[in-house]
Every structure is written in structure tokens, then in C-alpha cells.
Amino acid sequence: MNELAKYCGIAYDFQRYNCWHHVRKVRSDYGLKTPEFDCVDQQFENEIFDSAHENSKGLLQIDSPENLCAVLMAKEIKGHLVWHSGVYLDGQVSHCDRNAKQVRIEPLRALGKIYTRIEFWH
């Protein structure tokens, strides 16, 4: 069983526990430091992820997934990239699912069919 399963079911609430909060929580639980990015609303979240490419606050982009790396995923909606994030482990990504309003795990392969851009950061 994937160790990230213990996070499944945590309630998603943008203000209290959003996708980047989840990345920071999981990585912290495994002793990894992850920078904070101030997201005050969902629209601003996209600006934060866009600007983080220029100032990643210490995270380094890697070419392929490594266990416990942050996964940034984007899909284009109305001409703009809409960003999302999660944590990778053994082919799976733990992330906050807005529709389910909770954390869930999905195979990276399945997310690749939804998101047009996927990046890995450690």
C-alpha cells in the first residue's frame, strides 16, 4: 500500500488546506523543507505558481519524478494555465481533489491525461 494513503480523506478547503498546503504537510512529515507561497485566493494561486518558476525559493526542477517530490500540474483553460500540485510516491500522486473536496491518490499516468504540463520539483 502507498504510504501516502494515510492522507486520503483530509478535507480540502482552499483557505485552510489547499494543494500547496498538502505538499508542504506531506514533505514536512518526511523531513523535507518546502517553501511557503502565499495564496490568498484561487485566481492568485495561478499567479503564484507562474512566478515560482522564476523564484522557486530553493526548490529545484528535476527531469523525472523522484519519491516525495512536488508535482506541479497545469491545464489550459480559456487561454491560461491553471496550476495544481501534489506529491509523488511510487507512481502515484497525492493531491487535493476540488470536486471530491478531499485528498486522494491517483496514478501519475492518469493525471497525465488530464494535465497538459507536469513538472517535478525537489
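Which strands does helix H1 lie across, and at about what angle does the helix run to S3? Helix H1 (residues 19–29) lies across strand S2 (70–77), strand S3 (80–89), strand S4 (92–97), S5 and S6, and runs at about 20 degrees to S3. Axes here are lines fitted to C-alpha atoms, for helices over the stretch in contact, and angles run from 0 to 180 degrees between N-to-C directions. Contact means heavy atoms within 4.5 Å. Helices (H or I, at least four residues) and strands (E, at least two) are DSSP runs numbered from the N terminus.

The model is predicted: local features need pLDDT of at least 70 and side-chain atom pairs count only at pLDDT 80 or more, while totals for chains, interfaces and linings use all residues. Residues are numbered from 1 along each chain as its sequence is written, and side-chain values use heavy atoms, with hydrogens and water left out.

The protein chain has three helices and six strands. From the N terminus on, its elements run α-α-β-β-β-β-β-α-β. Of the 122 residues, 43% count as buried, where buried means under 20% relative accessible area, exposed over 50%, and partly exposed in between (1.4 Å probe, protein chains only). Among contacts with a separation of 6 or more, residues 24 or more positions apart account for 56%.

The six strands form an open sheet in the order S1-S6-S2-S3-S4-S5, with antiparallel pairing. The edge strands are S1 (61–62) and S5 (102–107), each of which pairs on one side only. Two strands pair if DSSP finds at least two bridges between them. Strands of a sheet pair through backbone hydrogen bonds, either parallel or antiparallel. S1 and strand S6 (residues 117–121) pair in the antiparallel sense over two bridges. The bridge partner of Gln61 in S6 is Trp121.

Strand S3 contains Ser85, which is buried with a relative accessible area of 0%. Its C-alpha atom is separated by 4.5 Å from that of Leu72, although the two residues are 13 residues apart along the chain. The side chain of Ser85 also reaches the backbone oxygen of Cys19 at 3.4 Å.

On the helix side, Arg27 has its place in H1. Not counting residues up to four places away in sequence, Arg27 touches Leu32, Lys33, Thr34, Leu59, Leu68, Cys69, Ala70, Trp121 and His122. Trp121 is thus named both here and as the bridge partner of Gln61. What is the nearest side chain of opposite charge to Arg27? It is Glu66, 8.1 Å away, and Arg27 is buried yet has no salt bridge. For charge, Lys and Arg count as positive and Asp and Glu as negative; His and the chain ends are not counted. The side chain of Arg27 does make a polar contact with the side chain of Thr34 (2.6 Å). A polar contact is a pair of N or O atoms within 3.5 Å; within protein, one must be able to donate a hydrogen and the other to accept it, and residues adjacent in sequence count only if both atoms are side-chain atoms.

Side chains of opposite charge can pair when their charged atoms come close. A salt bridge is a side-chain nitrogen of Lys or Arg within 4 Å of a carboxyl oxygen of Asp or Glu, and by this rule the count comes to five. One of them joins Asp29 and Lys25 (3.0 Å, N to O). Because Asp29 and Lys25 are four residues apart in helix H1, about one helical turn separates them. Asp29 is partly exposed at 40% relative accessible area, and Lys25 is partly exposed at 37%.

Another salt bridge links Glu106 and Arg104 (4.0 Å, N to O); Glu106 counts as buried at 13% and Arg104 as partly exposed at 33%. The side chains of Glu119 and Arg117 also meet in a salt bridge (2.8 Å, N to O), with Glu119 buried at 5% and Arg117 partly exposed at 34%. Salt bridges that share partners join Asp97, Arg104 and Glu106 into one network.

Two loops remain to be described. Most residues other than glycine have a negative phi, and most peptide bonds are trans. Lys78, in the loop between S2 and S3, has a positive phi near 55 degrees and is exposed at 80% relative accessible area. Asp90, in the loop between S3 and S4, has a positive phi near 50 degrees and is exposed at 56%.
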